[in-house]
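Biologist: I have a model open and want to learn how to read it. Can we go through it feature by feature?

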Amino acid sequence: MESHGHSTNAPISVRVMRRDNPDATPRYEVFQIPHRQNMNVHMCLLEIQENPVTVEGTKTTPVAWDVNCLEEVCGSCTMIINGRARQACSTLVDTLEKPITIEPMTKFTVLRDLQVDRSRMFEDLKKTKSWVPIDGTHALGAGPRYAQDDQLVSYTLSRCMTCGCCVEACPQYGPGSAFIGPAVLSQVRRFNMHPTGKLNKGERLETVMGSGGITDCGSAQVCASVCPKEIPLLDSIAVVARDTTIHALTSWFGK
Amino acid sequence: MANQPRVIVVGGGLAGLMAAIKIAEFGALVDLLSIVPVKRSHSVCAQGGINGAVNTKGEGDSPGLHFIDTVKGGDFLAHQPPVRDMCDAAPNIIYMFDRMGVPFTRTAEGLIEFRRFGGTLHHRTAHAGATTGQQLLYALDEQVRKFEAEGKITKYEGWEAFYPSIDESGRCVGLTAMDLRNMEIRSFASDAVIYATGGLGAIFGYGTNSVVNTGAAIAGCYQQGAIYGNPEFIQIHPTAISGADKLRLMSESVRGEGGRVWVPKNPKDTRAPLTIPPAERWYFLEEKYPAYGNLVPRDVASREIHHIVQTLGHRVEGEEAVYLDLTHLDPDYLTKKLGGVLEIYEKFKGHDPRKVPMKVAPAVHYSMGGLWVDYKQMTNIPGLFAAGECEYQYHGANRLGANALVACVFGGMVSGVNAFVWAEANAKKERSAAALAATNQKLKSRVNDVLGRAGDENPFGIRRELGQCMNRYVTIVRENESLKKADGMLVDLKKRLARAPLPDAGPWANQSLIHVLELENMIDLSRAITQGALLRDESRGAHFKPAFPNRDDEKWMRSTKASYTPDGPKFDFSETIDTSLKKPVERRYDVLPEHAPKPGGAAAAAH
């Protein structure tokens, strides 16, 4: 029930961006790590944790990083690996160019080493009322019927784990910009298409019509290609853009 | 003036979020502590589905049959009244999620689809593709966000709870926790506390659990006097894939949708699986258990696989595993029903399970044991509640697949309601500042002790050894001599940990410090698990001793209750099991039970 995965491959060189706290200047440290079978980037960090000595033989501290599920469903271990935002658990070492460079995401405050604060994405889900309004959790019978095709779309959108790969790639998103980004816009689409979620459609659309909303999208079209769950983010942005236009027109004529 | 009732919920998985929502609905204030942002909790790893006897297939299913399957699946070690209540509530729990917008897989008519799962012959498992736990968690996360926006729930994400604070009368008045960023130690006052901190699989090193599932939080309750129930009952899931950092789960729903388990008949056969003719394959579960086939409960399937691989020496292409085969099914159907699971296999193994049989082996998965609670989910410490995998109440000696999600949510509801009632009744009382200061000081002293350690041991190496010890001696097959040896090793590991200097003494986001605090707690729980297994001389559910191969109801129809002492756990076996609703019977899966669905029968027509 356990596997150690010994391997005869040459050791791997890993370069890690270190920062002791949010105000510290970043530096790089390089480590030589024994190769193991089926090794992922997370395991490289575990090796450093148990033996925190750089390639020069200098003793250092273990690298700080966030991690939880290890099967690419929780989004915790997102970091920049060889220049691209992805999950350390599902990125296998054998598929990467060496030396491997590991850095924290750049669009969020770095807490320490590879740990970042992504709470802004959760705050934006609050602003857009990304939930279905229900009267309570007591027994009120079944929910609305739902066609298989609609379920498939909704499920695809609902697999977003708020990992932040899309906003990392998006040139419009960042500390200096109010843009809420593709992940949250896609949730607006998801809740607007639900029979009950629709009841807040107008409010959601008005939120994304303002500053930081849909019009801040620069159509760089990179978000969908980096999503680890292959969520059709470009479609979502197009749907929300169309809906906001219709909403603007109908609410203007309705006045 | 009376305080406004305030409840602390520790843990932001399904159970914790459900409890928080119930309390917020009643109007009390909730402080919600979680190590990770709640959306990243381990509930996301639950794949196959959630059970509830909605009976949409004309099979005559009912909550009563769900109850019978559950207590039988648990080998009659669970008290029956709360199990019955859970099964009664299950259909409405599924409907609640349906109303919250969970994208459950649908039938052509637009209804929720149900599939089969282990230990039952009925289609009783609602699912959202094969990432059901994730989808249910997201629904509650979204509802909690609504209450957060309204100011009723305050989240403390990135906080780890260490000790519940107990006043002179024995009542819980809050807890002491640590901020994982700036390492601040703070006590939080409240009128009730609910622990919903999940399982402890990380104790075993390799398994299907997430990194946060150390059990450290409940060990803190145990150290403060909370009784730990049925520690020795650890579920080994039969089908996980190998990996050097984690054994990733391949959901039981793979078999629910028609997946078949087999090995080549010739143990030395090393041919590629699809070149082996059907007559030379051994579908050992289907052969031995014709009634339930590949969907026998997990303890049964894991023992069979262990026997085939470890005792009889069968291999698949030389590996210590068995095949889990889907290649006879339509690939598009598989993508729709199991996409999330198949994706994991592809990403981590590099093969498409639609085309090549998967290689799987048993892995530590779930703890049936946990904090002892009464039917209101309250521990033996008044005001301290527990819900979800961290308590012992619903699964007896073995949990049925897809019952975890329903137990988490039901336990969350029951604990939420009762914690609110308790908090309201106690809000006039003082939340003892002395008790809160005592746990604060206790944690501070411990942190100082850990920071000041010197010696030649490595705390991360010790954690690896803990996993190896527990995995080797305290999983599928248990022998008293090995268990004694394991307990000795645990004592030794704890002593060695006291000689392990921290590789990081920094004041900010110090993960090494947290690691050592957790590891000490994990060793305490490990001793309860190991000694509980040593004392229980019978075989029941997931607890199997070849020297005592039978269930012994006369002697062991009792809960194991462990209490912490600095010298190791102390045990009490005086609590007998409430079997007032269903008389224990022999647990068989080779023949059809009385309540098997009979297509076209009277039961089906009437319901």
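Biologist: Let's start with K126(A). Is K126(A) buried or exposed?

Modeller: Bear in mind that this is a predicted model. The general idea is a cut-off: under 20% relative accessible area counts as buried. K126(A) has 18% relative accessibility, so K126(A) counts as buried.

Biologist: Where does K126(A) lie?

Modeller: K126(A) is part of helix α2 of chain A, which covers residues 119-127.

Biologist: Which residues is K126(A) in contact with, leaving aside neighbours within four places in sequence?

Modeller: In chain A, there is W131(A). From chain B come R145(B), E148(B) and A149(B).

Biologist: Let's step back to chain A. How many helices and strands does chain A have?

Modeller: Chain A contains 8 helices and 7 strands. Its 255 residues are 55% buried. Along the principal axes, the C-alpha atoms of chain A fill a box of roughly 70 × 45 × 30 Å.

Biologist: What about contacts between residues apart in the sequence of chain A?

Modeller: Take the contacts between residues at least 6 apart in sequence. In chain A, 63% of these join residues at least 24 apart.

Biologist: Now the interface. How many residues of chain B are in contact with chain A?

Modeller: Count the residues on each side. Chain B gives 80 residues and chain A gives 74. Then look at area. The two chains bury about 6500 Å² between them, with 50% of it on carbon and sulfur atoms.

Biologist: Which three residues supply the most of the area that chain B buries against chain A?

Modeller: They are R40(B), R99(B) and R145(B), and they supply 14% of that area. You have met R145(B) already, as a contact of K126(A).

Biologist: How many salt bridges are found across the interface of chain B and chain A?

Modeller: The rule finds 10 salt bridges there. One to display joins the side chains of R464(B) and E50(A), at 2.4 Å from N to O. Polar contacts are a separate count, and 38 residue pairs make them across this interface, both residues being at pLDDT 80 or more.

Biologist: Which elements give two or more residues to the side of chain B that touches chain A?

Modeller: Among them are α1 (14-26), α3 (80-99), α9 (331-349), α12 (459-473) and α14 (511-535) of chain B. Strands appear too, including β13 (248-249) and β17 (358-367) of chain B. The top contributor is α4(B), with 9 residues.

Biologist: What classes of residue make up that side?

Modeller: The side of chain B that touches chain A has 34 nonpolar, 24 polar and 22 charged residues.

Biologist: Next, domains. How is chain B divided?

Modeller: Read the ranges with care, as a domain can be written in pieces. Domain 1 of chain B is 6-235 + 365-439, and domain 2 of chain B is 237-363. The contact between them takes 29 residues from domain 1 of chain B and 28 from domain 2 of chain B. Their centres, taken over C-alpha atoms, are 31 Å apart.

Biologist: What area do domain 1 of chain B and domain 2 of chain B bury between them?

Modeller: About 2200 Å², of which 55% is on carbon and sulfur atoms. The salt bridge count between these domains is 1. The side chains of R115(B) and E257(B) form a salt bridge at 2.8 Å, N to O.

Biologist: How many residue pairs are in polar contact across the interface of domain 1 of chain B and domain 2 of chain B?

Modeller: There are 13 such pairs, both residues at pLDDT 80 or more. On the side of domain 1 of chain B that touches domain 2 of chain B, the classes are 7 nonpolar, 17 polar and 5 charged residues.

Technical notes
Residues are numbered from 1 along each chain as its sequence is written. Chains are lettered from A and ligands numbered from 1 in the order in which they are written. Side-chain values use heavy atoms; hydrogens and water are left out. Domain bounds come from an automatic or database domain assignment. Contact means heavy atoms within 4.5 Å. Buried area is the accessible area (1.4 Å probe) that two parts lose on being put together, summed over both. A salt bridge is a side-chain nitrogen of Lys or Arg within 4 Å of a carboxyl oxygen of Asp or Glu. A polar contact is a pair of N or O atoms within 3.5 Å; within protein, one must be able to donate a hydrogen and the other to accept it, and residues adjacent in sequence count only if both atoms are side-chain atoms. Ala, Val, Leu, Ile, Met, Phe, Trp, Tyr, Cys and Pro count as nonpolar, Asp, Glu, Lys and Arg as charged, and the others, Gly among them, as polar. Helices (H or I, at least four residues) and strands (E, at least two) are DSSP runs, numbered from the N terminus. Buried means under 20% relative accessible area, exposed over 50%, partly exposed in between (1.4 Å probe, protein chains only).
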